[in-house]
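Grab a pencil and work through these exercises with the structure open beside you. Try each task before you read its solution.

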Amino acid sequence: MAGTTTAIANKPAWIDLASPDVAASGEFYSKLLGWRIDVSDDPQYGGYAVAKLGDDDVAGIGPKQMPEAPTAWSIYIGSHDLGDLATRVQAAGGTVVVPAFDVGDQGRMAVFQDPAGAFISAWQPMSMSGFTVEGRNAYTWAELNARGIEKAVPFYGSVFGWSPKTSPAGREGAPPYTEFQLGGVSIAGAMEMNPMVPAEVPSYWMAYFGVDDVDDAFRRAVELGGQEMLAPEDFPGGRFAILSDPQGAAFGLLKLRER
């Protein structure tokens, strides 16, 4: 297990969806991405489901813990010590929203909020290491939309050791794009919130799923009840689109250009 925790430390390790209707959410993503949804029959997990591609774990879908909680995907960053991580979060100006707790024998989780207001979770594995596959029809990228990115970038550097690499977004009028790098490898992105986004929308992290054809996947997502947020378009690294699923959670579709 030491090797597992070291391998995922300070990198995206898991994603899960808090949904008002786990069965409906599972059906949507199964039809869109080919996932098989395995709902735990252990009552301690409260109906939590693990989405799989073959034998690989790709994501979780669970019921919202409170009716007023947002329907949203959460990004979990791997850690080998959530207690130490919480100390670093607070020292960097963040907030401990949910202190670390055990999730059965699977691992430990905690929820934090960065200085720009976005929630970011963390995962310390025990018997479950995190997702075991990325890329096609699975998690492929995480992106922070921040109100005050100048507050968020140094926070993630202090807490997770991420180095920022900022470049033009490649779209007219779009703010610069920041890639968070760990060991010289880009592992997530960030940008200032578009001023057109309603003021009541807080900073947030969003998950992207890799697909072979963004336009085809976008069309199918809409046919399955998803709502267009940003139609497919090119960017310097490939092509992407953004939607909300039938329960209201935002997600992205992404096809990276082969290098």
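One thing to keep in mind throughout: this is a predicted model.

**Exercise 1. A charged pair with its side chains tucked away**

Task: Lys 52 has a relative accessible area of 17%; decide whether Lys 52 is buried or exposed. Then find which residue forms a salt bridge with Lys 52.

Solution:
- Step 1. Buried means under 20% relative accessible area.
- Step 2. Lys 52 has 17%, so Lys 52 is buried.
- Step 3. The partner is Asp 57, and the closest N and O atoms of the two are 2.5 Å apart.
- Step 4. Check the partner too: Asp 57 has a relative accessible area of 14%, so Asp 57 is buried as well.

**Exercise 2. A salt bridge along a helix**

Task: Lys 31 and Glu 27 meet in a salt bridge; work out where the two residues lie and how accessible each one is.

Solution:
- Step 1. The N to O distance between the two side chains is 3.0 Å. The cut-off for a salt bridge is 4 Å, so this pair qualifies.
- Step 2. Both residues belong to helix 2, which covers residues 22-33. They sit four residues apart, about one turn of the helix.
- Step 3. Exposed means over 50%, so Lys 31, with 51% relative accessibility, counts as exposed.
- Step 4. Glu 27 has 45%, so Glu 27 ends up partly exposed.

**Exercise 3. Another pair, and a network**

Task: Find the salt-bridge partner of Asp 38, then say which residues are linked in a network of salt bridges.

Solution:
- Step 1. Asp 38 pairs with Arg 36, with 3.2 Å between the closest N and O atoms.
- Step 2. Asp 38 is partly exposed at 30%, and Arg 36 is partly exposed at 39%.
- Step 3. For the network, look at Asp 216, Arg 219, Arg 220 and Glu 223, which salt bridges link together.
- Step 4. Count up the salt bridges in the model and you get eleven.

**Exercise 4. Reading an aromatic pair**

Task: What kind of aromatic pair do Tyr 29 and Trp 73 form? And which parts of the chain does the pair tie together?

Solution:
- Step 1. Start with the two values you need: a pair of aromatic rings is described by the distance of the centres and the angle of the planes.
- Step 2. The model has 22 aromatic pairs. For Tyr 29 and Trp 73, the centres are 5.3 Å apart and the planes make an angle of 85°.
- Step 3. Planes over 60 degrees apart count as edge-to-face, so that is what this pair is.
- Step 4. Tyr 29 is in helix 2 and Trp 73 in strand 5 (residues 72-78), so the pair ties together parts 44 residues apart in sequence.
- Step 5. Both are buried: Tyr 29 at 0% and Trp 73 at 5%.
- Step 6. Now compare Phe 180 and Trp 205: 6.4 Å centre to centre, with 35° between the planes, which makes a tilted pair. Phe 180 is in strand 11 and Trp 205 in strand 13, 25 residues apart.

**Exercise 5. Into the core**

Task: How many residues are in the largest nonpolar core, and which helix gives the most to this core?

Solution:
- Step 1. The core has 67 residues. Among the members that touch the most others are Ile 15, Tyr 29 and Trp 73.
- Step 2. Helix 4 (residues 149-160) gives the most, with seven residues.
- Step 3. A second, separate core has eight residues, including Tyr 177 and Met 206.

Terms used
Residues numbered from 1 in each chain as written. Predicted model: local features only at pLDDT ≥ 70, side-chain atom pairs only at ≥ 80, totals over all residues. Heavy atoms only, no water. Buried < 20%, exposed > 50% of the residue type's maximum accessible area, 1.4 Å probe, protein only. Core = buried A, V, L, I, M, F, W, Y, C linked by side-chain atoms within 4.5 Å. Phe/Tyr/Trp six-rings, centres within 6.5 Å; stacked < 30°, edge-to-face > 60°.
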